[in-house]
Amino acid sequence: MSKQAEIANDRAIEYWKQNRFDEAIAQWEEIVRKDPNLAEIHYNLGNAYMYQGKIESAIDAFKRTLSIDPTLPEAYNKLGVICYKQGNAGLAFACWKQALMINPDFEEARRNIGLIQNAPQFNVEDEIPTYQHVAEGDATSDENANLEDSDDPSTWRNKIRQGWGAFRKR
């Protein structure tokens, strides 16, 4: 990130801390206009949009984040939260699983997977046919998650990408 972009990002963060949300978003949007390849700025925008309830904009920002840097588990986690809140538990699970494949110690994604595994409305047969529901245990171990191609991160990225088509048509 350029020094100028870093200074502008710091300014936007300060605006955010002061509850000057529109100014923070405008600052981040200006940075993106000048340099559209900064994953961190798209991620910050995604969080800001999500906070303000601008879900489509948040989704777009997180997707841009991951197109620039597909190794950010935080972005997959946030996308998973949005998907789950929109009623797409299968896509949420795929996002959280991808986050854990990038960083096996990412506690938020692990906790989110545990929550949906125990949710009565999560019908695993409809959402992810190869997934076996487990009420207890570590949600990320192969014996508990039992996912097809679970060791192949590209497979999970493909499941996430495929799921966006159906998710966006809602």
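## Exercises on helix packing and salt bridges

Leu-45 touches Ile-25, Trp-28, Glu-29, Val-32 and Ala-61, leaving aside residues up to four places away in sequence; contact means heavy atoms within 4.5 Å. This is a predicted model, in which local features need pLDDT of at least 70, side-chain atom pairs count only at pLDDT 80 or more, and totals for chains, interfaces and linings use all residues. Residues are numbered from 1 along each chain as its sequence is written, and side-chain values use heavy atoms, with hydrogens and water left out.

**Exercise 1. Check the span of α2, then find its buried face.**

Step 1. Start with the span. The expected value is 1.5 Å times one less than the number of residues. For the 14 residues of α2 that gives 20 Å, and the end C-alpha atoms are 20 Å apart, so the two agree. Helices here are DSSP runs of H or I with at least four residues, numbered from the N terminus.

Step 2. List the buried residues. They are Phe-21, Ala-24, Ile-25, Gln-27, Trp-28, Ile-31 and Val-32. Buried means under 20% relative accessible area, exposed over 50%, and partly exposed in between (1.4 Å probe, protein chains only).

Step 3. Look down the axis of α2. Its buried residues fall within an arc of 160 degrees, so they line one face of the helix. The arc is taken from the directions from the helix axis to the C-beta atoms.

Step 4. Turn to the other side. The face away from the buried side carries the exposed residues Asp-22, Arg-33 and Lys-34.

Step 5. Find the partners. The buried residues of α2 pack against α1 and α3 (39-51).

**Exercise 2. Describe the largest nonpolar core.**

Step 1. Fix the term. A nonpolar core is a set of buried Ala, Val, Leu, Ile, Met, Phe, Trp, Tyr and Cys residues joined through side-chain atoms within 4.5 Å.

Step 2. Give its size and hubs. The largest core has 37 residues, and Trp-28, Ile-31, Leu-45, Phe-62 and Trp-96 have the most contacts inside it.

Step 3. Assign it to helices. At least two residues each come from α1, α2, α3, α4 (55-68), α5 (73-85), α6 and α7. The largest share, seven residues, belongs to α6.

**Exercise 3. Place Ala-92.**

Step 1. Locate the residue. Ala-92 sits in helix α6 (residues 89-102).

Step 2. Read its exposure. Ala-92 is buried, at a relative accessible area of 0%.

Step 3. Name its contacts. Ala-92 touches Gly-80, Cys-83 and Tyr-84, residues up to four places away in sequence not being counted.

**Exercise 4. Work through the salt bridges.**

Step 1. Apply the rule. A salt bridge needs a side-chain nitrogen of Lys or Arg within 4 Å of a carboxyl oxygen of Asp or Glu. The count is five.

Step 2. Take α1. Lys-17 pairs with Glu-14, their closest N and O atoms being 3.7 Å apart. The two are three residues apart in helix α1 (residues 3-17), so about one helical turn separates them. Lys-17 is exposed at 59%, and Glu-14 is partly exposed at 39%.

Step 3. Take α2. Glu-30 and Arg-33 form a salt bridge at 3.0 Å between the closest N and O atoms. Glu-30, Arg-33 and Lys-34 are linked in a network of salt bridges.

Step 4. Take α7. The side chains of Arg-110 and Glu-107 meet in a salt bridge at 3.6 Å, N to O. Arg-110 is buried at 18%, whereas Glu-107 is partly exposed at 44%.
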